[in-house]
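Ready to practise reading a protein model? Work through the exercises below with the sequence and the picture side by side, and try each task before you look at its solution.

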Amino acid sequence: MVQRSFVETLMMFSLTRQEAAIYQCLLGEGKTTGYEVAKQLGISRSNAYNSLASLTEKGGAYLAYEGKTKKYAPVKIDEFCKNHLRHLEEAKSWLVKHAPDEKQETEGYITIEGEVNILDKMKNLLLETTERAYISCNRSFLLNFIGELEILKAQHKKVVIITDQPVNMPHFKIYYGEDRKTSVGLIVDSRFVMTGEYGEGGDNTCLYSGQKYFVDLYKKALANEIKLLALKEGKKDEKDIC
């Protein structure tokens, strides 16, 4: 994934680009006036004061009067992030409680596009694992799931990994095959499959399905690959594949 800048990351917390730039400026300069912020960023005073007012409303700054001079002091970044996340958790709880009843999900196929969307869906699938998960991908992609895999390890869930380079994950069964390139695949609890392509600058598209025929087909392909790799590595293959 392309590296984010500080400002772009702040924008994930519901700040506009200008608000994020001003917040970064306040963090660096400390308590200061709108005039100084405008001068530092090379923007008009009216834009600076409007964005400072908005930033204050969003919890990124405090008003601090020194005599008749109005200044703005930054809220500590950790405090700002914690407040934002707490508000989101509260909003999430309310939405879950008041959301319309979901229709029963029909068996079918869903196309998921984009690096972030693919990662999010796979991470959620891993966290929803009740028994076992099988992952097939290159080492670089696999490292995106360290947090989720640690949770599965703590829950004593079965995890089997097929990858192309050594990884230090002794608690999981790992098979090493050829370069996976941008090919990725995940099967969870013999119920859901997600497979496709993922890579920086590449065609990031995956197919997700709980359709039984597709799941069984993917299970069979994965089982055959594991058997071949097990023979090459002199391992006992997976009798209870997926």
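Let's warm up with one residue: E225 has a relative accessible area of 24%, so it counts as partly exposed. That label sits between buried (under 20% relative accessible area) and exposed (over 50%), using a 1.4 Å probe and protein chains only. The model is a predicted one, where local features need pLDDT of at least 70 and side-chain atom pairs count only at pLDDT 80 or more, while totals for chains, interfaces and linings use all residues. Residues are numbered from 1 along each chain as its sequence is written, and side-chain values use heavy atoms, with hydrogens and water left out.

**Exercise 1: a charged pair**

Find the salt bridge partner of E225, and say which parts of the chain the pair ties together.

Step 1. Side chains of opposite charge can pair when their charged atoms come close. For a salt bridge, a side-chain nitrogen of Lys or Arg must be within 4 Å of a carboxyl oxygen of Asp or Glu.

Step 2. The partner of E225 is R180, with the closest N and O atoms 2.8 Å apart. E225 belongs to helix α9 (residues 212–233) and R180 to the loop between β6 and β7, so the pair ties together parts that are 45 residues apart in sequence. (Helices, H or I with at least four residues, and strands, E with at least two, are DSSP runs numbered from the N terminus.)

Step 3. Now check the cover: R180 has 13% relative accessibility, so it counts as buried.

**Exercise 2: pairs within a helix**

How many residues apart are K212 and D216 in helix α9? Do the same for E36 and K39 in helix α3.

Step 1. K212 and D216 form a salt bridge whose closest N and O atoms are 2.8 Å apart. They are 4 residues apart, so about one helical turn separates them.

Step 2. K212 is exposed at 55% relative accessibility, and D216 is partly exposed at 32%.

Step 3. E36 and K39 also make a salt bridge, with 3.6 Å between the closest N and O atoms. Both sit in helix α3 (residues 34–41), 3 residues apart, which is about one turn of the helix.

Step 4. The structure holds 10 salt bridges in total. Some join up into a network, which links K31, E66 and K71.

**Exercise 3: the sheet**

In what order do the strands of the 7-stranded open sheet lie?

Step 1. Remember the rule: two strands pair if DSSP finds at least two bridges between them.

Step 2. The order is β3-β9-β8-β7-β4-β5-β6, with mixed pairing. At the edges are β3 (109–113) and β6, each pairing on one side only. From one strand to the next, the twist averages 10 degrees (axes are lines fitted to C-alpha atoms, and angles run from 0 to 180 degrees between N-to-C directions).

Step 3. Zoom in on β5 (residues 158–163): 5 of its 6 residues are buried, so the rest of the structure largely encloses this strand. Strand β4 (residues 132–136) pairs with β5 in the parallel sense over 5 bridges, and Y134 stands opposite V160. Strand β6 (residues 173–176) also runs parallel to β5, joined by 4 bridges, with V160 opposite K173.

Step 4. For the antiparallel sense, look at β8 and β9 (residues 205–209), joined by 5 bridges. Here V193 stands opposite S209.

**Exercise 4: a hairpin**

How many residues lie between β1 and β2 in their hairpin?

Step 1. Strands β1 (residues 61–66) and β2 (residues 69–74) run antiparallel and share 6 bridges. E66 faces T69 across the pair.

Step 2. There are 2 residues between the strands, and G67 in the turn has a positive phi of about 65 degrees.

Step 3. Positive phi turns up in non-glycine residues as well: S14 has about 65 degrees and lies in the loop between α1 (6–10) and α2 (17–29).

**Exercise 5: the cysteines**

Why is C25 not bonded to C81?

Step 1. A disulfide needs two cysteine sulfur atoms within 2.5 Å.

Step 2. The sulfur of C81 is the closest cysteine sulfur to that of C25, but it is 18 Å away, too far for a bond. The structure holds 0 disulfides.

Step 3. C25 has 10% relative accessibility, so it counts as buried.
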